[in-house]
Amino acid sequence: MTNQPTKSVTNIWIIIGLFLAVFVTGVDSFIISPLLPALGHYFDASIPQVSLGVTIYAICYALGCLFWGPLGDRFPKKKLITIGMSIFLIGTFLCGFATGLATFYLFRAIAGIGASLLVPNIWAFIGAHFKGQQLGIVMGITISALSLSIAIGVPIGTLISQLVNWHMAFWGSGFLALVAFVVILVTIPSEAPIQTERVNYFANFIKVQRTPNAVASLLTTFLWMFGFYLVYTFLGTFLTNQYHFNTAATGVIFIVYGLSNFAASFIGGFVNNRLGIMNSIRFNGLASVLIIVMIGGLGTKLAVLIPLLVLLALFQGLGVSALNTFIVNVAPANRSSMMSFNNACLYLGLTVGSFTGGFTYASYGFNTLCLIAASGLMLAILNTFRLRLKSTETR
């Protein structure tokens, strides 16, 4: 009994460290957007050339998730998290020292590789360390860090670039990563991996493929993210074309969306524990489908569009935190592999959604784009009926 308060305090610091780590990897993805003009001027390059830094980071993240996954089940999570954070920290700091476009690309690749080892193992550690209703609460709080990074990543980058210079944006991000690294290093206990025997590298891919619910869960993530990012990627373009907003006005709307999503994700664990994980996935997914259809049909009225975006942010925040909470326990013996593959499916959904949206928006407009997005999300919800529930925790 005397150790319980100490354990609770330690868990609070663990959550703080994990929250900061997820937040800083998210910020690193979004902070570069407002820095593009300054980076282009410094490197004497065009905006498309400089923006490849974002693409390189995303590609290395997605491919890294696939590569690291099987290795993640053979080593303690703390070791993997600290190594991933170290690589990410080094890559981010070095971006601030880049003197040419080639070295900038290289350092962005290093940061993406570090993030691909770090983030999936954070989800895997949460799934192994926290149990029962506590798992859903911690998962929701940690996922909310990504929402917060979406809300304030661009404003932070803009502010820093205006007040100081673009170098400080990466150094500041690196410093925050260093703080998270220290907290994680001190608080996270060392835990032995579940998979202790040495197995063939590719055996983990086969094990995950044969695990009940694994493939169906990954397909759900892909379809969900395809539908969501199909709309989200082109929302700013729609706002600019429909309402003739400038960058600042569009940014305010994204901040409102991000903060709403952050609030929903933060309390997602409490709400999902009341609804049941699977009930929450389906309810919030169906609500998102309805809201996206309404955005496509009624989005020409700003007074209607903004409340709809807030509602979409709330339903998405609750739904995604519930989905991650379910998936983290699909393959306990291969949790790192499963969460790595899940992150890869997330980025694959983002990539396919963004690509599909490019020609859909140009040829058929935002309303048709929303209908396709709603269809993708609906397929994700229908796919959940293939999942076989194993406990009352996922009722």
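Where is asparagine 213 found? In this predicted model, asparagine 213 sits in the loop between α8 (203-210) and α9. Its backbone is a bit unusual on paper: phi of asparagine 213 is near 80 degrees, a positive value in a residue other than glycine. As for its surroundings, asparagine 213 counts as buried, at 8% relative accessibility.

Aspartate 44 makes a handy companion case. Aspartate 44 is not a glycine either, yet has a positive phi of about 55 degrees. This one belongs to the loop between α2 (36-43) and α3 (47-72). Whereas asparagine 213 is buried, aspartate 44 is exposed, with a relative accessible area of 72%.

Stepping back to the whole chain, the secondary structure comes to 16 helices and zero strands. Of the 395 residues in the protein chain, 55% are buried. Contacts tell their own story: taking those with a separation of 6 or more, 86% are between residues 24 or more positions apart.

Next comes the packing of α9. Two packed helices are described by the angle between their axes and the distance between the axes. For α9 and helix α15 (residues 335-364), the axes come within 7 Å and cross at roughly 35 degrees. The crossing of α9 past α15 is right-handed. On the α9 side, the residues that meet α15 are Ala214, Ser217, Leu218, Thr221, Phe222, Met225, Phe226, Tyr229 and Leu230. Their partners in α15 include Met338, Phe341, Asn342, Cys345, Leu346 and Leu348, and also Gly349, Leu350, Val352, Gly353, Thr356 and Gly357. Sorted by class, this contact of α9 with α15 has 14 nonpolar and seven polar residues, with no charged ones.

Helix α9 turns up again around a cavity. The structure holds one cavity of 30 Å³ or more, and the largest cavity has a volume of about 40 Å³. The elements giving two or more residues to its lining are α9 (214-232) and α14 (302-327). The residues that line the largest cavity are Phe228, Val231, Tyr232, Leu235, Tyr257, Leu309 and Leu312. The largest share of that lining, three residues, comes from α9. By class, the lining of the largest cavity has seven nonpolar residues, with no polar and no charged ones.

Taken together, α9 recurs in several of these features: asparagine 213 lies in the loop between α8 and α9, α9 crosses α15 in a right-handed manner, and α9 gives three residues to the lining of the largest cavity.

Notes: Residues numbered from 1 in each chain as written. Predicted model: local features only at pLDDT ≥ 70, side-chain atom pairs only at ≥ 80, totals over all residues. Heavy atoms only, no water. 1 Å grid on protein atoms, 1.4 Å probe; cavity = no way out; pocket = protein on both sides within 12 Å on 5 of 7 lines; lining within 4 Å. Points joined across faces, edges and corners; volume = space filled by probe spheres on them. Helix = DSSP H or I, 4+ residues; strand = E, 2+ residues; numbered from the N terminus. Nonpolar A, V, L, I, M, F, W, Y, C, P; charged D, E, K, R; others polar. Axes fitted to C-alpha atoms, helices over the stretch in contact; angles between N-to-C directions. Left-handed = near helix turned anticlockwise from the far one by under 90°. Contact = heavy atoms within 4.5 Å. Buried < 20%, exposed > 50% of the residue type's maximum accessible area, 1.4 Å probe, protein only.
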